[in-house]
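Colleague: Got a minute to walk me through this one? I'd like the fold to begin with, then the odd spots.

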Amino acid sequence: MTSDGPNADDRHAATGFAYTGPEALREPIEQALRRVIDPEIALSIVDVGLIYAVDIVAQRLHLRMTMTSAACPVADVILDDIDTELDRVLPEGMQVELEMVWDPPWTPERLSPEARIFMGW
């Protein structure tokens, strides 16, 4: 039911974020988050490395994330898109809490291999 187990590190490496919750929701949540595009760089927020963790307890999803900069001009757009995409895949009545964190700060090392190629790094 949680990310604990022999493949937990592999799954975290594949998505770039930690997940704790029902296995049945892992892939739909990841796909929903991959549909959210950072409009400044035209990449998924998962590939950019903005998502740190998703934790589901009872009927509450808690998502910890960051932005590439505290002055990100499109933060509200990204947050609205996250809400929209998660609402499409989560069970009815599940509450979503988005928490913006600045520690640890975002660094280019959080970019997925695909994002690095896209950006020419």
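Modeller: Sure, a definition to begin with: helices (H or I, at least four residues) and strands (E, at least two) are DSSP runs, numbered from the N terminus. This is a predicted model, where local features need pLDDT of at least 70 and side-chain atom pairs count only at pLDDT 80 or more, while totals for chains, interfaces and linings use all residues. Residues are numbered from 1 along each chain as its sequence is written, and side-chain values use heavy atoms, with hydrogens and water left out.

Colleague: OK, in what order do the elements of the protein chain run from the N terminus on?

Modeller: The order is α-β-α-β-β-α-β-β-α-β-α. That gives five helices and six strands.

Colleague: And how much of the protein chain is buried?

Modeller: Buried residues are 39% of the 121. Buried means under 20% relative accessible area, exposed over 50%, and partly exposed in between (1.4 Å probe, protein chains only).

Colleague: Which residues touch the most other members of the largest nonpolar core?

Modeller: I29, L33 and V54, in a core of 32 residues. At least two residues of this core come from each of α2 (23-34), α3 (45-48), β4, β5 and α4 (75-89). A nonpolar core here is a set of buried Ala, Val, Leu, Ile, Met, Phe, Trp, Tyr and Cys residues joined through side-chain atoms within 4.5 Å.

Colleague: What is L33 in contact with?

Modeller: Leaving aside neighbours within four places in sequence, L33 is in contact with F17, S44, I45, V46, I51, V54, L63, I82 and L86. Contact means heavy atoms within 4.5 Å.

Colleague: Switching topic: which buried residue has no salt bridge?

Modeller: That's D38, whose nearest side chain of opposite charge, R110, is 12 Å away. For charges, Lys and Arg count as positive and Asp and Glu as negative, with His and the chain ends not counted. A salt bridge is a side-chain nitrogen of Lys or Arg within 4 Å of a carboxyl oxygen of Asp or Glu.

Colleague: So where is D38 found, and what is D38 in contact with?

Modeller: D38 is in strand β2. Beyond the neighbours within four places in sequence, the contacts of D38 are L43, I45, L50, V74 and I78.

Colleague: Any backbone oddities? Which residues does a cis peptide bond join?

Modeller: D103 and P104, with omega about 5 degrees. P104 is in the loop between β6 (95-100) and α5 (113-119).

Colleague: And what about phi of A42 and A58?

Modeller: A42 has phi near 55 degrees, a positive value in a residue other than glycine. A58 also has phi near 55 degrees. A42 is in the loop between β2 (37-38) and β3 (43-44), and A58 is in the loop between β4 (51-57) and β5 (60-65).

Colleague: Why does A58 count as exposed?

Modeller: Because the relative accessibility of A58 is 68%. A42 is at 48%, so A42 counts as partly exposed.

Colleague: Last one: which residues make the nonpolar surface patch?

Modeller: F118, M119 and W121, about 350 Å². Patches are made of residues with over 30% relative accessible area and no salt bridge: like charges are joined within 9 Å, nonpolar side chains (Val, Leu, Ile, Met, Phe, Trp, Tyr) within 5 Å. Accessible areas come from the Shrake-Rupley method with a 1.4 Å probe, and for residues only the protein chains shown count as cover. W121 is in the segment after α5 and is exposed, with a relative accessible area of 54%.
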